[in-house]
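Please open the structure in your viewer, with the sequence panel beside it, and follow the stops below in order.

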Amino acid sequence: MITINRRSLVTLMAATAMGLSLAPAKADQFVNILTGGTSGVYYPLGVGLSKIYAEKIDGVRTQVQSTKASVENLNLLQQGKGELALALGDSVKLAWEGDPEAGFKAPLDKLRGIAAVYPNYIQIVASKESGIKNFADLNGKSLSVGAAKSGTELNARKIFEAAGMTYDDLSKTEYLPFAESVELIKNRQLDATLQSAGLGVSSIKDLSTSIDIQMVAVPSDVVDALGAPYISATIPAGTYNGQDSDVQTVAVVNFLVTHSDVSDDLAYEMTKQLFENLPELEAAHKAAAQIKLENAIKGMPLPLHPGAERYYKEKGMM
């Protein structure tokens with residue numbers, strides 16, 4: 001018995017001398033990616049990032065969470081309930097400042113920037129039979145403005161304000177995600193939907209192949225009244241079935257955001273693998289084709305995470 005115990009002790013001491021080889025391996029890091037509705041652009045991009053990170057970052061486990069998008073995502077990050085999120089630039093700015101009307105009861109001081117990615121285009125689409133041809137024609141019609149207090153709905157409110165209108169000018173206002181809005185239009189229970197997303201959003205593609213649609217322009221004077229972070233943009237002809245000409249609209253840049261409790265090394269890898277695997281991300285959704293390293297820190301409305309900052313310094317951008 002004594003001999004066996006001595007051998008066990010010798011084995012343990014040898015393992016200790018070799019660097020604690022009997023100790024358990026380092027626990028996996030978990031990355032929960034906060035996105036949006038499954039019929040938007042955030043979700044497929046989140047799935048693409050999830051696959052890239054799981055394959056390229058050692059010891060990382062990933063998950064993609066469908067949410068109500070920007071406002072919910074930013075609040076969840078502040079609470080530590082996600083490690084990475086997509087969000088609209090105006091929502092990010094208001095979250096950092098703390099704007100109760102936008103859904104942020106206090107400044108979200110844990111938020112940190114990873115990168116500017118692609119622009120969201122405000123895409124207003126109506127059924128042809130609604131008779132809506134321009135923005136002013138929305139007066140007296142029914143419109144879905146996105147989920148309540150979402151980034152899309154925040155965009156809608158700002159655009160109506162800049163146009164000198166309010167939701168009271170509509171016959172009915174619906175607060176619904178993209179897919180549900182489209183179903184109501186198909187069923188002739190809704191005239192139009194306003195969606196803030198990358199070009200080629202699946203919900204509008206679905207609608208345009210089901211019924212005749214009318215893309216509704218946002219007038220240039222409304223774009224001018226909005227100002228930064230909104231910019232003038234064009235939805236190219238042919239983006240959707242039956243869209244025969246370019247449509248003028250407004251866009252706002254999306255950002256990838258994390259929080260201060262995420263380690264510098266993980267934030268560095270999330271930033272690096274984003275930009276070093278853009279073709280794979282574009283395969284997840286074509287909106288990723290507009291993600292450019294040279295634009296990554298332009299207009300960032302909050303401090304960069306130190307891990308992301310390290311990557312940009314390596315690239316000579318800071």
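Which residue of E10 does Ala85 stand opposite? Select both strands to find it: Ala85 stands opposite Val257 in E10, where two strands count as paired if DSSP finds at least two bridges between them. Before going further, note that this is a predicted model, in which local features need pLDDT of at least 70 and side-chain atom pairs count only at pLDDT 80 or more, while totals for chains, interfaces and linings use all residues. Residues are numbered from 1 along each chain as its sequence is written, and side-chain values use heavy atoms, with hydrogens and water left out.

**The whole chain**

Show the full chain first, which holds eleven helices and ten strands; helices (H or I, at least four residues) and strands (E, at least two) are DSSP runs, numbered from the N terminus. Along the principal axes, the C-alpha atoms fill a box of roughly 95 × 40 × 35 Å. Of the 318 residues, 48% are buried, where buried means under 20% relative accessible area, exposed means over 50%, and partly exposed lies in between (1.4 Å probe, protein chains only). The accessible surface comes to about 14600 Å², and 50% of it belongs to carbon and sulfur atoms; these areas come from the Shrake-Rupley method with a 1.4 Å probe, and for residues only the protein chains shown count as cover. Among the contacts with a separation of 6 or more, 73% are between residues 24 or more positions apart, a contact being heavy atoms within 4.5 Å.

**Strand E3 and its partners**

Now select residues 84-88, strand E3, of which five of the five residues are buried, so that E3 is largely enclosed by the rest of the structure. In a regular strand the side chains alternate between the two faces of the sheet. Colour the two sides of E3 separately: Leu84, Leu86 and Leu88 are buried on one side, and Ala85 and Ala87 are buried on the other. Add strand E1 (residues 29-34), which pairs with E3 in the parallel sense over two bridges, and look for Leu34, which stands opposite Ala85 in E3. Then add strand E10 (residues 247-259), whose pairing with E3 is antiparallel and runs over four bridges.

**Helix H4 and its crossing with H5**

Continue to helix H4 (residues 89-97) and bring in helix H5 (residues 151-162), which packs against H4 at an angle of about 95 degrees, with the two axes 9 Å apart. Axes are lines fitted to C-alpha atoms, for helices over the stretch in contact, and angles run from 0 to 180 degrees between N-to-C directions. H4 and H5 are therefore roughly perpendicular to each other, a term that covers 65 to 115 degrees, whereas angles under 35 count as roughly parallel, over 145 as roughly antiparallel and the rest as oblique. To see the contact itself, show Asp90, Ser91 and Leu94 of H4 together with Gly151, Leu154 and Asn155 of H5.

Within H4, the buried residues are Gly89, Asp90, Ser91, Val92, Leu94 and Ala95. These buried residues pack against helix H3 (70-78), E3, strand E4 (111-127), H5, strand E9 (230-235) and E10. Just beyond the helix, select Gly98, which follows H4 and has a positive phi near 85 degrees.

**Two residues with positive phi**

Most residues other than glycine have a negative phi, and most peptide bonds are trans. Select Ala69, which is not a glycine yet has a positive phi of about 80 degrees; Ala69 lies in the loop between strand E2 (60-65) and H3 and is buried, with a relative accessible area of 16%. Then select Arg188, another residue other than glycine, with a positive phi near 60 degrees. Arg188 lies in the loop between helix H6 (178-186) and strand E7 (192-197), and at 66% relative accessibility Arg188 counts as exposed.

**Last stops**

Is Ser127 in strand E4 buried or exposed? Ser127 is buried, with a relative accessible area of 6%, and, not counting residues up to four places away in sequence, Ser127 touches Ile185, Asp191, Ile211 and Asp212. Finish with Asp28, which lies in the loop between helix H1 (2-17) and E1 and counts as partly exposed at 44% relative accessibility. Leaving aside neighbours within four places in sequence, Asp28 is in contact with Gly59 and Arg61.
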